[in-house]
Amino acid sequence: MGYAEEEYLMLSEIPRYVFCPRQWALIHLEQQWQDNVLTIEGNALHNKAHDAEIKEKRRNKIIVRGMHVASSRLGVSGACDVVEFHADTAGVYIPSYHGRYRVVPIEYKRGRPQEGEEYVLQLTLQAICLEDMLATDIPFGYLYHGEIRRRVKVEFSYELRNRIPVLVQEMRQYIRSGHTPRVKRRKGCANCSLNNICVPKLNWLRSAKHYLERRLAEG
Ligand code: SF4
């Protein structure tokens with residue numbers, strides 16, 4: 001089934017949804033937004049990486065910044081921070097670059113490597129879009145972490161790839177129903193840009209109060 005233009009999800013929605021489905025829904029279904037230090041800094045680093053679609057050639061490598069990608073199969077589109085094309089006779093033929101290349105996506109992140117899988121899944125989705133567009137296999141990519149100034153390799157396993165359509169379907173279901181998921185407190189709540197709107201503490205206190213009242217009534 002194809003998707004209409006207005007049904008396309010943005011690539012950048014995936015890490016948000018993986019981090020917290022409620023945060024994603026507040027932003028994308030309810031259009032709530034509050035910048036905090038983390039998102040402002042994150043955007044600054046991204047803007048640097050996304051400086052339009054810039055191509056640079058270095059020896060056997062072509063580096064493309066801000067490359068627009070899409071998967072019509074999944075109905076997702078967006079931009080990759082950096083895509084490297086490494087000259088390789090076993091790679092895919094790219095007519096505009098007059099040769100065969102191995103394709104390697106790289107996503108820039110502000111901090112150091114972290115526990116959550118949101119960025120790994122974002123990069124996996126970028127690889128899937130590139131594979132769909134270029135009809136090639138992309139076995140790995142890199143997450144570049146600003147704080148340690150280093151790339152960390154990410155292998156696109158079956159397990160990671162199989163989670164993408166499931167996540168996309170879940171998001172579409174929330175969009176269809178217009179339902180915002182309930183608060184589920186997590187480590188990242190303290191630094192969440194929507195903390196004041198979401199009020200996790202308040203909701204948690206409300207549910208605790210409700211629980212105590214019910215127990216007393218049952219009493
Ligand atoms: S405060 Fe916590 S539960 Fe609420 S949107 Fe942010 S991360 Fe999600």
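Helices (H or I, at least four residues) and strands (E, at least two) are taken here as DSSP runs, numbered from the N terminus. I begin with that definition, as much of this presentation refers to these elements.

The model before you is predicted: local features need pLDDT of at least 70, side-chain atom pairs count only at pLDDT 80 or more, and totals for chains, interfaces and linings use all residues. Residues are numbered from 1 along each chain as its sequence is written, and side-chain values use heavy atoms, with hydrogens and water left out.

Let me turn to the overall architecture. The protein chain contains seven helices and seven strands. Read from the N terminus, their order is β-α-α-α-β-β-β-β-α-β-β-α-α-α. Of the 219 residues in the protein chain, 40% are buried. For burial I use relative accessible area with a 1.4 Å probe and protein chains only: buried means under 20%, exposed over 50%, and partly exposed in between.

Next, the interior space. How many cavities of 30 Å³ or more does the structure hold? There is one cavity of that volume. A cavity, on a 1 Å grid over the protein atoms alone, is a set of points where a 1.4 Å probe fits but cannot get out, and lining residues have an atom within 4 Å of a point. Grid points are joined across faces, edges and corners, and the volume is the space filled by probe spheres set on the points. The largest cavity encloses about 100 Å³. Its lining comprises 13 residues, of which Cys20, Arg186, Cys189, Cys192 and Cys198 are the closest to the centre.

By class, that lining consists of nine nonpolar, one polar and three charged residues. In this scheme Ala, Val, Leu, Ile, Met, Phe, Trp, Tyr, Cys and Pro count as nonpolar, Asp, Glu, Lys and Arg as charged, and the others, Gly among them, as polar. Helix 2, residues 21-28, supplies the largest share of the lining, with three residues. Helix 2 is also mostly covered, as seven of its eight residues are buried. The buried residues of helix 2 are Arg22, Gln23, Trp24, Ala25, Leu26, Ile27 and His28.

Where does the ligand sit? The ligand occupies the largest cavity, by the criterion that more than half of its atoms lie within 2 Å of the cavity's grid points. Eight residues surround the ligand, and Cys20, Gln23, Cys189, Cys192 and Cys198 come nearest; a residue is counted as near if one of its heavy atoms lies within 4 Å of the molecule. The shell around the ligand has six nonpolar, one polar and one charged residues.

I come now to the cysteines. A disulfide is a covalent bond between the sulfur atoms of two cysteines. The cut-off applied is a pair of cysteine sulfur atoms within 2.5 Å, and a search of the whole structure finds zero disulfides. Cys129, for instance, is in no disulfide, and its nearest cysteine sulfur, that of Cys80, is 7.2 Å away. Is Cys129 buried or exposed? Cys129 counts as buried because its relative accessibility is 0%. Cys20 is likewise buried, with a relative accessible area of 10%.

Two further buried positions deserve mention. Glu84 lies in strand 4, residues 76-94, and is buried because its relative accessible area is 3%. The C-alpha atoms of Glu84 and Lys61 are 6.7 Å apart, with these positions 23 residues apart along the chain counted as their separation. Leu123 belongs to helix 4, residues 118-134, and counts as buried at 0% relative accessibility. Leu123 and Pro105, 18 residues apart in sequence, are 7.2 Å apart in space from C-alpha to C-alpha.

Finally, the exposed positions. Arg59 is placed in the loop between strand 2 (54-58) and strand 3 (61-71). Although Arg59 is not a glycine, its phi is positive, at about 45 degrees, and at 80% relative accessibility Arg59 counts as exposed. Arg149 is located in the loop between strand 6 (140-145) and strand 7 (150-155). Phi of Arg149 is also positive, near 50 degrees, in a residue other than glycine, and Arg149 is exposed because its relative accessibility is 67%. Lys57, in strand 2, counts as exposed at 59% relative accessibility. The C-alpha atoms of Lys57 and Phe85 are separated by 9.5 Å, and the two residues are 28 residues apart along the chain.

Notes:
1 Å grid on protein atoms, 1.4 Å probe; cavity = no way out; pocket = protein on both sides within 12 Å on 5 of 7 lines; lining within 4 Å.
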